[in-house]
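Me: I would like a close look at a single part of this model. Please treat one residue and its surroundings in detail, and then place a neighbouring topic beside it.

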Amino acid sequence: MLSIAFGALIALLALALLPSTVSNEEMTALPYGGGITGTGKYVETYNLPRAQLRELVFQGGIALFIAGTMLFVGGALDERLRSSHARSRRYEHAKPATEVQPSSQAEVYPSINDDEAHRNKMIMAAIMLPVLMIIAIFIVTQLRLT
């Protein structure tokens with residue numbers, strides 16, 4: 001969970017705070033002396049090293065977010081598989097010798113208790129909230145650049 005949160009935070013900070021431009025003074029040539037002087041106006045110019053650094057930090061945050069998500073989902077699946085395997089071993093002795101076809105869907109799927117349903121909702125919120133925040137900040141920064 002921490003790598004998901006840190007990855008999302010790093011990616012958001014890269015998009016929101018790291019600049020990819022530098023401010024340069026506009027220069028003008030003097031008509032008779034051939035010299036160059038500043039006009040007093042400043043313009044924003046894209047700086048390739050800054051843009052590359054911003055992209056590198058963003059991609060590192062995204063990689064950390066994806067790795068954390070994969071580890072989290074893998075751990076959740078492993079936990080569920082272990083608990084279902086333990087349940088099946090517990091009920092293995094209670095099975096009758098002949099196989100009986102289930103008469104309803106409730107007999108096929110185990111019931112989900114309220115704690116597990118709440119936990120599943122919290123897991124999905126913890127995964128989707130940073131993703132939605134990254135998308136929203138990306139859209140806002142793209143609109144700000146245009």
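The reply below takes up one arginine and then a strand pairing.

Reply: The model is a predicted one, and the residue chosen here is Arg 54, which belongs to helix 2, spanning residues 48-92. Arg 54 is buried, yet the residue has no salt bridge. The nearest side chain of opposite charge is that of Glu 55, at 9.0 Å. Because a salt bridge requires a side-chain nitrogen of Lys or Arg within 4 Å of a carboxyl oxygen of Asp or Glu, the distance of 9.0 Å to Glu 55 does not qualify.

A polar partner is found on the backbone instead: a polar atom of the Arg 54 side chain lies 2.7 Å from the backbone oxygen of Leu 15. Leu 15 also appears among the contacts of Arg 54 once neighbours within four places in sequence are set aside; the others are Ala 14, Leu 18 and Ser 20.

The second topic is the strand pairing. Strand 1 (residues 21-29) and strand 2 (residues 36-46) run antiparallel and are joined by eight bridges. Within this pairing, Val 22 stands opposite Thr 45, while Met 27 has Gly 38 as its bridge partner. The two strands form a hairpin with six residues between them, and Gly 34, in the turn, has a positive phi of about 80°.

Notes: Residues are numbered from 1 along each chain as its sequence is written. This is a predicted model: local features need pLDDT of at least 70, side-chain atom pairs count only at pLDDT 80 or more; totals for chains, interfaces and linings use all residues. Side-chain values use heavy atoms; hydrogens and water are left out. Two strands pair if DSSP finds at least two bridges between them. Helices (H or I, at least four residues) and strands (E, at least two) are DSSP runs, numbered from the N terminus. Buried means under 20% relative accessible area, exposed over 50%, partly exposed in between (1.4 Å probe, protein chains only). Lys and Arg count as positive and Asp and Glu as negative; His and the chain ends are not counted. A polar contact is a pair of N or O atoms within 3.5 Å; within protein, one must be able to donate a hydrogen and the other to accept it, and residues adjacent in sequence count only if both atoms are side-chain atoms. Contact means heavy atoms within 4.5 Å.
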